[in-house]
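Here are a few exercises to work through with the sequence and the model open side by side. Try each task yourself before reading the solution.

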Amino acid sequence: MSEMIREDGRKYNELRPIKIEAGVLERADGSAYLEVGGNKILVAVYGPRESYIRRLLEPNTGVIRCRYNMAPFSVDDRKRPGPDRRSSEISKITADALRPALMLENYPRSMVDIYIEVIEAEGGTRCAGITAASVALVDAGIPMKDIVVGCAAGKVNDEVVLDLSEVEDKEGQADVPIAIMPRTGEITLLQSDGDLTEEEFQKAIDLAMEGCMKVSELQKEALMKKYSTE
Amino acid sequence: MIYVEDKNLVIPGQILADDDYYPGRGTFKEDGKICSSLIGLVSLRNKKIRVIPLKSKYVPKKGDVVIGKINDVRFSMWDVDINSPYSGILPAFEVFGRDKKELNKVYDVGDVLFLRVIDVDEVKKAKLGLKGRGLGKFKGGIIVDISPTKVPRLIGKKGSMINMIKNKTNCKIVVGQNGLVWVKGDEDMEQLTREIIHTIEVEAHTSGLTNKIKNKLCLAIDGELPVEETEEEFVLEKPKLQNFKEELEQEEREKAEAEAQIQAENEEIQEAEVEEESADADGEAEAEEEKEAEDKPNFYEVIEELKKKNQTKKDKNLSYSDNSKNNSFILNNR
């Protein structure tokens, strides 16, 4: 059963090919570019910086603000530009997923802005966005406890599989995106969409954790590659 | 137990050592392990682990000298942008004393000033002042910005890097600790200096940088590489011929000096500044000032103190490698 080959030729626990690059933008304080399968995502980080939106600032710590945005040409049908319900939700959960890793106590009254731009989308953009955003945060030199990484698992054709593609996401029975801090294994994001039994859910989380660990290595590699002297 | 070596590149969340080491800046302790919180280079001394960040934002600190730009003129103070998440304020009192004058006639929006941070409150608001030698408004010139963590590298050991650039380009250069650099000279030279400073920023974590910059400067200004090899160059080039061990020793030595440099950095900037500004004011004072600066044994004292503090094998090695290098230099010159 678990030896089944998926629609795009992957095994049940196989990730799509991933490419991560850190520090791709000149003007931003930190940036990252990520490709996973057909997804192309660009993230820019600014800050910690002064903000004039005083009501958002905290006197004892820094705050983060996140904007997830899909380009109009990122999907098959043109996506109507501007924020919508879906992107507002993803903006919020991304900020919440990244926040526990950040150590902004030394930057009170300041704000870190994260801009996630989806240039092309092919399923799993929220996890890819989190993965890329944390690389960009590291690149910006922001103190962090760990590099957060996101990955999804789901159920397709009654089989729990890793890293759903767009087709699998649409035709599948369930989608469980998670984000973790790989050193401690703490979960910072957990969503579940669709029907799963208790065992299947547990299996999906285990599988997604495993996927996260693999992606985490690629994140570290990308950062090391950018800054090692050789 | 330690898992990394000195000068290694580390990333956030990477485990650096167990409980028997002390966590310094850029690290944190969790479950008896010391982890890095930044992307940067490890600095290991006396069982204390620090991570020197590759990039950072300037957080105002009392006593720093910074370059700031007037952002706004208010009733009794100026708002100053100091290239930081926190804006600085320059109270009119600091400039006029008890006199009452119109603020925008003295400094207007867009003016660039060299200031001292006289106080930072608990929410990091920086109060700035102009009391001190060399502090005041810049006339003309360009501003180059670099990461504040790269400032020590731009200044170099005992100011070697910055003085070399000054001499070669004939520019006046002032470095603020917030990562802003003011450059004034010929237009071509200003541009060249800007390029050079950016090169230093990008390659700050590579070794033998002073030499590389020197060659680049000579090539751009004189149109040729320096013909005569100076002693300094020779020492830096030598490890290529030697075995790996000596290379390591060389690195150790560079590091110890760099550490001393960071300590001396404050005074360094000030003194460099005093030279510069006095040149602006009157030429006569300049020579005296320079002499004074040379006579001051600050940097040597700091280095000596540091060496005494860490009477370890490392330091013995250092002095040893020093000697061997000088000897072979003499030998080779024959």
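**Exercise 1. Which residue in strand 3 of chain A is the bridge partner of A:Ala32?**

First, the ground rules. This is a predicted model, where local features need pLDDT of at least 70, side-chain atom pairs count only at pLDDT 80 or more, and totals for chains, interfaces and linings use all residues. Residues are numbered from 1 along each chain as its sequence is written, while chains are lettered from A and ligands numbered from 1 in the order in which they are written.

Step 1: Get the terms straight. Helices (H or I, at least four residues) and strands (E, at least two) are DSSP runs, numbered from the N terminus. Two strands pair if DSSP finds at least two bridges between them.

Step 2: Find the strands. Strand 2 of chain A covers residues 30-36 and runs antiparallel to strand 3 of chain A, with 7 bridges joining them.

Step 3: Read off the partner. A:Ala32 is matched with A:Val43 in strand 3 of chain A.

Step 4: Look at the turn. The two strands make a hairpin with 2 residues between them, and A:Gly37 in that turn has a positive phi of about 60°.

**Exercise 2. Work out the strand order of the 5-stranded sheet in chain A.**

Step 1: Go on from strand 3 of chain A. It pairs with strand 5 (residues 111-120) of chain A in the antiparallel sense, over 8 bridges. A:Ala44 has A:Tyr115 as its bridge partner there.

Step 2: Cross to the next strand. Strand 4 of chain A runs parallel to strand 5 of chain A, and 8 bridges join them. A:Arg67 stands opposite A:Tyr115.

Step 3: Put the order together. The sheet is open, with the order 1-2-3-5-4 and mixed pairing. Its edges are strand 1 (18-22) and strand 4 (63-70) of chain A, each pairing on one side only. Neighbouring strands are turned by 15° against each other on average, direction ignored.

Step 4: Add the helix. Helix 1 (residues 85-98) of chain A lies across strands 4 and 5 of chain A, at about 140° to strand 4 of chain A. For that angle, axes are lines fitted to C-alpha atoms, for helices over the stretch in contact, and angles run from 0 to 180 degrees between N-to-C directions.

**Exercise 3. Which elements give two or more residues to the side of chain A that touches chain B?**

Step 1: Count the contacts. With contact meaning that C-beta atoms, placed from the backbone, lie within 7 Å, 26 residues of chain A are in contact with 21 residues of chain B.

Step 2: Name the elements. They are strand 3 (39-49) and helix 4 (198-227) of chain A. Helix 4 of chain A gives the most, with 4 residues.

Step 3: Sort the residues on this side of chain A. They divide into 13 nonpolar, 6 polar and 7 charged. Here Ala, Val, Leu, Ile, Met, Phe, Trp, Tyr, Cys and Pro count as nonpolar, Asp, Glu, Lys and Arg as charged, and the others, Gly among them, as polar.

Step 4: Check the score. The predictor gives the complex an ipTM of 0.90 and a pTM of 0.78.

**Exercise 4. Is B:Thr27 buried or exposed?**

Step 1: Recall the cut-offs. A residue is buried if 20 or more other C-beta atoms, placed from the backbone, lie within 10 Å of its own, exposed if 12 or fewer, and partly exposed in between.

Step 2: Locate and count. B:Thr27 is found in strand 4 of chain B, and B:Thr27 is buried because 24 other C-beta atoms lie within 10 Å.

Step 3: See what it touches. Leaving out residues up to four places away in sequence, the contacts of B:Thr27 include B:Leu16, B:Ile34 and B:Val51.

Step 4: Place the strand. Strand 4 of chain B pairs with strand 5 (residues 33-36) of chain B in the antiparallel sense, over 4 bridges. B:Phe28 stands opposite B:Cys35. These strands belong to an open sheet of 3 strands with the order 2-5-4 and antiparallel pairing.

**Exercise 5. What is the average pLDDT of chain B?**

Step 1: pLDDT is the predictor's confidence in each residue, from 0 to 100. Chain B averages 75, and 67% of the residues score at least 70.

Step 2: Spot the weak stretches. Residues 266-297 of chain B have a pLDDT below 50, with 29 contacts in the model beyond near neighbours in sequence.

Step 3: Apply the caution. Where pLDDT is low, the predicted coordinates should not be read in detail.

Key:
Two residues are in contact if their C-beta atoms, placed from the backbone, lie within 7 Å.
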